[in-house]
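Reader: Could we go through the enclosed spaces and the helix packing in this structure? I would like to begin with the interior.

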Amino acid sequence: MSSTFFTASPQWRWFIIAYFFLGGLAGGSYFLATLMDRFGTERDRPLVRLGYLIAFPIVCLCGLVLTVDLGRPERFWHMLVQSQTFRPMLKTYSPMSSGAWVLLLFSGCAFLSFAATLAERGRPDWAILRQLAPTAPLGRLVTGLGAILGLYLAGYTGVLLSVTNRPIWADTTLLGLTFLISAGSTSAALLILLGYWSGIARDRLHRLERFDRSALILEVLAIAALVASLGRIAIVWLNGWGFLLAGMVLGGIALPLLLDWRRPGENRPIWIAPALVLLGGLVLRMVIVLSSDRL
């Protein structure tokens, strides 16, 4: 039996699950917006703006749920600054410490892109904000840095679990990769869903739908590799958690792929598949966090 079964649980519950899920959405949405901004066409501009507009509010929710989860929420700044010397504190060997700084820096990039995107619409019509537009040189620097930080934010949470000496989490090295790929699929699904609801033409969503299908295929391969990497430890999922994980694969990956590929007609409701993908991404993080916590 792995020694991880004899360690104390960090008591991570729903606030941490929400943080993992929302962090993936914020980082993934920003990264996809930057990707479409760099390599897309003018037809992708509505989705680019949408990605930048949703990343900042979502990352604000990340900071909120993470702070509330602390035993002493008023001391959240201790993650960034030494309480006695008031000097910046960065432990490069700690995913928790580096993640706190990445969350702060990414929030700054997301805010600048959020404000610049609003300025493109003349709200507010400030010249300094137009210089931060994604198409401007300074804006390209901000979005490039933000995309890198967003990738880190989307995947580091899995690495954080891997270095926490608990069953399942510390028994595989693939949680970071799995969370990163899942962030890609759920972020694309969120952009498709919001794009559909905001009136973006359906033909402009096709490229994003193709990306989401590819990400879902990679995600199911990553989950299979994760389970295989656990070896005999995987028997702890021969219970309700395992059935829930299997249900997530079927309902949150296989069914959306089936709905997209069969395409009975252009009148098929487009929101069903991305909604299932989003629910599946949340369930995946719930299973991984809670199944270890309950051992």
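Reader: How do the residues lining the second largest cavity divide into nonpolar, polar and charged?

Author: In this predicted model, the lining of that second largest cavity consists of 7 nonpolar residues, with no polar and no charged ones. The residues concerned are Ile223, Leu226, Val227, Trp237, Leu245, Leu284 and Ile288.

Reader: Which elements give two or more residues to that lining?

Author: Those elements are H7 and H9. The largest share, 3 residues, comes from H7. The space in this second largest cavity is about 30 Å³.

Reader: And the largest cavity, what lines it?

Author: Its lining is formed by Ile192, Glu209, Asp212, Pro256, Asp260, Ala273, Pro274 and Val277. By class, 5 of the lining residues are nonpolar and 3 are charged, with no polar residues. H7, helix H8 (240–262) and helix H9 (272–293) supply at least two residues each, and H9 contributes the largest share, 3 residues. About 50 Å³ of space lies in this cavity.

Reader: Turning to the pockets, what volume does the largest pocket have?

Author: The volume of the largest pocket is about 510 Å³. It is lined by 21 residues, of which Leu66, Thr67, Met79, Ala100 and Leu103 are the closest to its centre.

Reader: Which helix gives the most to that lining?

Author: H3 does, with 7 residues. The elements that give two or more residues are H1, helix H2 (45–69), helix H3 (95–120) and helix H5 (137–162). By class, the lining of the largest pocket has 15 nonpolar, 5 polar and 1 charged residues.

Reader: What about the second largest pocket, which residues line it?

Author: The lining includes Leu32, Leu35, Met36 and Phe39, and also Asp44, Arg204 and Arg207. H1 provides the largest share, 4 residues. By class, the lining has 7 nonpolar, 1 polar and 3 charged residues, and the pocket's volume is about 180 Å³.

Reader: On to packing. At roughly what angle do the axes of H1 and H6 cross?

Author: The axes of helix H1 (residues 14–39) and helix H6 (residues 175–197) cross at roughly 70° and come within 7 Å. H1 is therefore roughly perpendicular to H6. The crossing is right-handed.

Reader: Which residues of H1 and H6 meet there?

Author: From H1, the residues are Phe20, Phe21, Gly24, Leu25, Gly28, Ser29, Leu32 and Met36. They meet Phe179, Ala183, Gly184, Thr186, Ser187, Ala188, Leu190 and Leu191 of H6. By class, this contact has 10 nonpolar, 6 polar and no charged residues.

Definitions and conventions. Residues numbered from 1 in each chain as written. Predicted model: local features only at pLDDT ≥ 70, side-chain atom pairs only at ≥ 80, totals over all residues. Heavy atoms only, no water. Axes fitted to C-alpha atoms, helices over the stretch in contact; angles between N-to-C directions. Parallel < 35°, antiparallel > 145°, perpendicular 65-115°, else oblique. Left-handed = near helix turned anticlockwise from the far one by under 90°. Contact = heavy atoms within 4.5 Å. Nonpolar A, V, L, I, M, F, W, Y, C, P; charged D, E, K, R; others polar. 1 Å grid on protein atoms, 1.4 Å probe; cavity = no way out; pocket = protein on both sides within 12 Å on 5 of 7 lines; lining within 4 Å. Points joined across faces, edges and corners; volume = space filled by probe spheres on them.
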